[in-house]
Amino acid sequence: MDSTEIFEAIKELIVERNDCSPGDVTLDTTWASLGIDSLDTVEMMMDLEDKIGKEIELDQKVETVGELVDFIQSKL
């Protein structure tokens, strides 16, 4: 899975869970700007693990969508 596919999967989850427009989600988008808190992030990570078929332990702080994409890419 490449970074574009990871980004699209994350964006899809964000749009579904937060009732926002796909255009609102870019690599530079922060969780705070979307109103996503740490609990939302954990729940989203569980959904993302199901989507990509791999367990990922979020063991560092990520503040933007792009940081999460890079983090997941490094774990695959």
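User: Let's start with threonine 29. Where is its place in this predicted model?

Analyst: Happy to look at that one. Helix 1 covers 3–18 and helix 2 covers 31–34. Threonine 29 belongs to neither helix, its place being in the loop between helix 1 and helix 2.

User: Is threonine 29 buried or exposed?

Analyst: Buried here requires a relative accessible area under 20%. Threonine 29 meets that cut-off because its relative accessible area is 8%. Setting aside neighbours within four places in sequence, its contacts are Asp24, Leu34, Glu63, Thr64 and Val65. So the answer for threonine 29 is buried.

User: Which backbone nitrogen lies 2.7 Å from a polar atom of the threonine 29 side chain?

Analyst: Good one to check in the viewer. The side chain of threonine 29 supplies the polar atom of this pair. Its partner, at 2.7 Å, is the backbone nitrogen of threonine 26.

User: What sits at the start of helix 1, and which backbone nitrogen does its side-chain oxygen reach?

Analyst: The residue to look at is aspartate 2. One of its side-chain oxygens comes to within 3.1 Å of a backbone nitrogen at the start of helix 1. That nitrogen belongs to threonine 4.

User: How far does helix 1 reach from its first C-alpha to its last?

Analyst: Helix 1 has 16 residues. At 1.5 Å a residue, the expected span is 22 Å. The model is close to that, with a reach of 22 Å.

User: Which residue follows helix 1 with a positive phi, and is it buried or exposed?

Analyst: Most residues other than glycine have a negative phi. Aspartate 19, which follows helix 1, instead has a positive phi, near 50 degrees. It is found in the loop between helix 1 and helix 2. With a relative accessible area of 75%, aspartate 19 is exposed.

User: Which elements cover the buried residues of helix 1?

Analyst: The buried residues of helix 1 are Ile6, Phe7, Ala9, Ile10, Lys11, Leu13 and Ile14. As an example, Ile14 is in contact with residues including Trp31, Met44 and Val65. The cover over the buried residues of helix 1 includes helix 2, helix 3 and helix 4.

User: Which helix gives the most residues to the largest nonpolar core?

Analyst: This core has 22 residues, and among those with the most contacts inside it are Ile10, Ile14 and Trp31. The elements giving two or more residues are helix 1, helix 2, helix 3 and helix 4. With 6 residues, the one that gives the most is helix 1.

Definitions and conventions:
Residues numbered from 1 in each chain as written. Predicted model: local features only at pLDDT ≥ 70, side-chain atom pairs only at ≥ 80, totals over all residues. Heavy atoms only, no water. Core = buried A, V, L, I, M, F, W, Y, C linked by side-chain atoms within 4.5 Å. Buried < 20%, exposed > 50% of the residue type's maximum accessible area, 1.4 Å probe, protein only. Helix = DSSP H or I, 4+ residues; strand = E, 2+ residues; numbered from the N terminus. Contact = heavy atoms within 4.5 Å. Polar contact = N/O pair within 3.5 Å; in protein donor to acceptor, adjacent residues only side chain to side chain. Expected span 1.5 Å × (residues − 1).
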